[in-house]
Every structure is written in C-alpha cells, then in structure tokens.
Amino acid sequence: MIIRVRSPEGMHRIEVDPKDALANLLTKLAPAMKAPTPDAILLTRDPGGHQIMAEFEQSIVSLGLRHGDMLYARVAASARPSEEPTNTGISTNWADTRGSSSTTSSRPTFVKQEAADYELEKDDGLIKRKRDPKFCKHGANAMCEYCLPVEPYDKAYLEENSIKHMPFYAHLRKLLSQYKISGDISGSIPPNIPLPLEDPDYKVKPNCTNGHPQWPEGICSKCQPPAITLQRQQFRMVDNVEFANSRLIEELLSFWRASRCQRFGFLYGRYTRSTDIPLGIKAVVEAIYEPKQAWEEDGIKLAIDSIEFEEEMKRVDTVAEACGIKPIGMIFTDVEATDEPNKVVYRRHANSYFLTALECRLAAYMQRKHPNPSRWAKDGHFGSKFVTCCVTGNEDGVVDITSWQVSNPAMAMQEADLIVPSNIPSSMCIPEPTKTRYVPDVFYSYTNEYKLNVTANAKPAFPLEYLLVNLTHGFPIEPHPLFNSEKSFCIENREHLHQVQTLGLLKQHIESANESPDKMRLLFMDFHFLVYIARLGFLSNDEIRLAGHIVHESDAAASTRITEQLIDSPGWKTLQLALQEASVSDLGHKGAGSAMENITEAGFSGTGPSMPPQSSTPPGTTASSEEWACRHCTFVNSPGHDSCEMCALPRD
C-alpha cells in the first residue's frame, strides 16, 4: 500500500506493507525530509498538526490507515539545526546573549514532549486587560500602561488574583525573559543561550577529579552537595485534575462502602491544555486501575518493589498505551464514617495535615518514576506531571477530593535518601548521616509573629507543607469519557467482595452483545474489560493495539469496522474457543458483576454500615460439618459453605 505524506519539503509517496510498524514508515521518510533521526519526525493526521501520532510500534493497519491516505509531517523544532536566528519565531537580543558554543555541548539531541507542551509553546500567554475607565484617557483603539497585556508571571497579577503557584510555562517564560526571549517559543532553541531548566541534585557527585579518594572514602567542596533551603515552590507542573466522569470515583468508593476498608488505584489518562488557566496544563483521568494490595480500615499496603507488581503494571501500561492514555497519577481513599448518617470524618485540614509524611514520600517516589520530558532541560527532563489525589471528608462531612504534587526539591531529597517519614503525619524527618549517606545542611524559612522572614534548621524534622504543591480538581460540565460502556465489567483484585474476574463471567459479558459488532464495540469501551482479556494472553500485541484503537477512534462507523477486524483475528478466535470450555459454575458467583451492580443488589448505599455478601450452600448439596481451610487463600471457613468466604473460589 502507498501512504501519502505532505511536508514542508513537498509531497512524498511512501510504499509500505500493511503489517509494517509505523517506525518503518518514518525510517523511509527521514531521508526525504532530511531529518536527523526517524523519531525526530512529528507525524499528524490533520494539517494543523494537533493529532500527533506517537504509536511507533503499532502496525500501519492497526492505526486505521488505508491505501492512499494522507498524513502530514514536519521535523520537530528541537531536532532542527538553528542556523538562522530570524526563523525561530523568538524575539531575542542576540548581541546581549552571544556566548561560546560550549552551551550546546551537553544538550539532548531530541526530546519528545507531550502534545500539550508543543501547543503551549506557541502561546505567548499574555493576560489581556480591559480599558480602565479611571486612568485610561485614550481612545478605544489605543493602549496605555494601565490596559496593556501583562505577562503570566507578573508579580502584581499573581498577588491580585491570589495565585500561589504559577503554571509551569509561565515559570519557563519568566526564566527566558532574562535572555529577552518572548512570544512563540516553539522554534529551535538558540544555541548561544544556556538551557534554563535543571532538576536539583543533592547526591554526592561521582568521579571527582580533585585528587582525593572517591566517596565514601573522601569528599571535597566540589563533589559534596550544597546546603538546602526549603521554601514554597512558585510553580506547579499540573494545574488541574479533571475526572472524565463521576462514575470513576463512585466505583472506587464502592469498595469502602462495602468493606469499610481503604482502596488505592492508579490514574490513567492524558495531559491537555487548560482553557481556564493561562498557560495551564490539565490532567484528564479516563480510568482507574486498582492493583493488588492489602487493605485495612486505616491504610493500604503495596508491594511496589516486587517483580509481580511491576509485571502487573507493565501489562496495564501496554493496554493503556494502545488506548492512547498513560499513567498520570495515583488515588487513594481515607474515609471514616461518623455516627451521623451520611457523614464522614473531616480529618485532613490546615490544623492537622493534608498528606502524611509516608504518602508524601510515596508521591516523590512515583514522580521520579514518571519524569516530565522537556527540551528546555539540560538532562532532557524536568520535574514530573504525576499527580496524587486523596478521597476524604471535607469540612461539611461530605466525601471530597484533594489533589497534590510534591515539589522538585522533594523528589531530589527522596532520590538522595534525605527524608524519612515520622510518626507525626505533618512532619518529615532528616536522617542521620552514615558512612554511605552524606546529609547536607537543611534549612527552611518562615514568617514569625513579628512578620519577619526567619530561617530555621530543618533537623531533625520540618513541616511537610514545604514539600507540597496543591492542585485544583473538577468534573466536566458535559462529560465525554473515553470509556463509555453502558455495561461495566467486574473490577480487578476485588476477591474480598466476591467480585472475581473469571472466564465464565467474560463469556457471559461477551454473549450479552448477541454477536453484534456495534454492541461488541461498546463492550470494548471498558478499561477493566480490556485489561482482563489482555492478561489472559490470547491476544497478540498487534491485536491489543487494535482493541485500543477501537477505543480512541472518534468515528463510530470506523470503530465498528475495526471491531469486526479484531473479531476475525486469530487471537480472538482462540479466546472464543477457550470461552466455549468455560465452566458454567463460574457464572454463579454473587458479586461477579460490576461493583455498582453488586452494591445495588446487596442494598449498599451512602455511607451506612454494610457487610460483604455471604456465599450460601447450593440447593441439593450437603455442607460439611467441620471447618475447612481454603486451598487457594488458606482462609479457615465455617461449616455450611462450599465456597470460600474470603476469595469466593470453590472448595474443590
């Protein structure tokens, strides 16, 4: 097949095999466009360049491309050589910023950023002001100092609007303003200015050349980390967290309502530009995945360093990537019912804590695992867009959501092992130095009762608020969720509530579509359903990508055609053969359906007391008169049950 590609260099006709990966198309296209590397080409479906295609490993046919389709391509600005300063779209005083060529020696060759980052680079972010009737003496078509647009980092504007954390791109433009760079910054970075962003590093620098033994045998002022002064971070990487619909939170809360235990989940979605905040970034949550965990009434245990946990999350990330989403954060519940009906405890506030020290350290760990790529940073990444959300009670006793990030210094201190959770939730401890851990001086500044700025020693502990960055959250007025299946599939890892994902349940779920491709398409609009069929191992990677393409295809007719193509694939036919042999007994587990359906059946609602549904002895069978231990989870069951009360699996 032939794919047409239009670029600034002209029209290209690339001959490819339908089963070839997208990377093969870019490899053939790179010489014609004079691109340094194939991944430096930004391939889009629209002329405006907004729908960037980043599925390099997917096959041409799984992306929905046909013979003769037109694509649009350009070489990324950060990958193009900057020979003519006038073509960069950046207004720069070149005489003042002229320097040596050594500034480009350590720059990353090419950094693939988020689509929202490329869009925000094109916006100047100026805050437009209306004509002041008191001070403006000019006509309607003129401007003066009282009505001229101001920069998004203007100090008076931030104070007037009580903005505690400016958006990340407002902070970036503030740093670039010292080099007289403004306006559109989407072009090539001038080679004679240093990159303005760099993550803090509090570790001892290795391979010191000052002639002393390497750490820990020796250290000098050149390789030791500097003293740390903690203060509130002036910017935030993400400004708002938007949940695609309220059903996501209801399904998470359904676990607590049924068991009175807390729950943890990973947020999957994408980053987009915020229309409410100038130069703001919004994290849109499309799905929540609940990994394997041990739950308690007052906490959660996660084996995040285990191999099983990593393999589980890799499988989920593969499905998410096929759907066009990625892990963007984590969420957990901290809810406790009160004696008053439909009210919960107001626990997290300014006089207690917002995040505990342990939660803050976990947030720093997860943010380090998900760095934010940036072509303006010396290492190719700066900070993280990974967010942390907590479902807890507010001052009115109603369940609410709080959203947070930890600062870049908090991430660096976590990496250097300089913070340790304390038994006081609102305080973080500084550990003692050891032979292998160097602890620099740590200070924090605050305003005393005389309104004077005072610096205090952070050892042995300091307030946790110096590491936190608070975000806003909300729900769309007109929801358009990516996963909009009307019939939801059972949520994973909820065996404690007798909600078990089985082949029999999957068979029943698929048969509800009555072999209709259009109804089957709606079944695929469920993230938990996609993750389960991928975990079974019957579908190949290409077939998983094809299933994901069903989800993010906006045209319903095209999505139905892709569904028909997946149903005819070898992997899906193998899955159907396995479902034909599925045990009928797998369909009989009470609680095997969705969380919301089971709560309705058992009579769970609001925050009133509830208990998990109990298994009953099937009619016509004789129950054992002695206690017995489940061979699956070792739980000791009482007499009169032929299925485990804990994991709901059969006795034999």
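This passage describes the secondary structure, strand pairing and helix packing of a predicted model.

The chain contains 16 helices and 24 strands. Of its 652 residues, 48% count as buried. Among contacts in the chain with a separation of 6 or more, 67% are accounted for by residues 24 or more positions apart.

At the N-terminal end, strand E1 (residues 2-7) and strand E2 (residues 10-15) pair in the antiparallel sense over six bridges. A hairpin through two residues connects E1 to E2. Within this pairing, Val-5 has His-12 in E2 as its bridge partner. E1 is also joined to strand E5 (residues 70-75) by three bridges, and these two strands run parallel. Here the bridge partner of Arg-6 is Tyr-72 in E5. In a regular strand, side chains alternate between the two faces of the sheet. Such an alternation is found along E1: Ile-3, Val-5 and Ser-7 point to one face and are buried, whereas Ile-2, Arg-4 and Arg-6 point to the other face and are not buried. Val-5, the partner of His-12, thus belongs to the buried set, while Arg-6, the partner of Tyr-72, belongs to the set that is not buried.

Two open sheets of three strands were examined. In one, the strand order is E7-E19-E20 and the pairing is mixed. Strand E7 (228-230) and strand E20 (453-457) are the edge strands; each has a single partner strand, so one side of each lacks a neighbour in the sheet. From one strand to the next, the twist averages 30°. Strand E19 (residues 442-447) pairs with E20 in the antiparallel sense over five bridges, and the bridge partner of Thr-447 in E20 is Asn-453.

The other open sheet has the order E17-E18-E21, with antiparallel pairing. Its edges are formed by strand E17 (420-421) and strand E21 (461-463), each of which has a single partner strand, so one side of each is left without a neighbour in the sheet. E17 and strand E18 (residues 427-429) run antiparallel and are joined by two bridges. Pro-421 is matched with Met-428 in E18 as its bridge partner.

Strand E22 (residues 468-474) takes part in pairings of both senses. With strand E9 (residues 240-243), E22 pairs in the parallel sense over three bridges, and Glu-242 has Gly-474 in E22 as its bridge partner. With strand E16 (residues 399-406), E22 pairs in the antiparallel sense over four bridges; in this pairing, Trp-404 stands opposite Asn-470 in E22.

Two helix pairs were characterised by their axes. Two packed helices are described by the angle between their axes and the distance between the axes. For helix H8 (residues 357-369) and helix H9 (residues 408-415), the axes come within 9 Å and cross at roughly 90°. H8 and H9 are therefore roughly perpendicular to each other. On the H8 side, the contact involves Arg-361, Ala-364, Tyr-365, Gln-367 and Arg-368, which meet Ala-410, Met-411, Gln-414 and Glu-415 in H9. By class, the residues of this contact comprise four nonpolar, two polar and three charged.

Helix H10 (residues 503-511) and helix H15 (residues 570-580) pack with their axes 9 Å apart, at an angle of about 115°. H10 and H15 are therefore also roughly perpendicular to each other, and their crossing is left-handed. Leu-503, Leu-506, Lys-507 and Ile-510 in H10 meet Trp-572, Leu-575, Leu-579 and Gln-580 in H15. This contact has six nonpolar residues, one polar residue and one charged residue. The buried residues of H10 are Gly-504, Leu-505, Leu-506, His-509 and Ile-510. These buried residues pack against helix H11 (517-523) and helix H12 (527-535) as well as H15.

A charged residue is also found in a buried position. Asp-117 lies in helix H3 (residues 115-121) and has a relative accessible area of 1%, so Asp-117 counts as buried. When residues up to four places away in sequence are not counted, Asp-117 touches Tyr-169, Ile-281, Asn-372, Pro-373 and Lys-385.

Technical notes. Residues numbered from 1 in each chain as written. Predicted model: local features only at pLDDT ≥ 70, side-chain atom pairs only at ≥ 80, totals over all residues. Heavy atoms only, no water. Axes fitted to C-alpha atoms, helices over the stretch in contact; angles between N-to-C directions. Parallel < 35°, antiparallel > 145°, perpendicular 65-115°, else oblique. Contact = heavy atoms within 4.5 Å. Nonpolar A, V, L, I, M, F, W, Y, C, P; charged D, E, K, R; others polar. Pairing = 2+ DSSP bridges. Left-handed = near helix turned anticlockwise from the far one by under 90°. Buried < 20%, exposed > 50% of the residue type's maximum accessible area, 1.4 Å probe, protein only.
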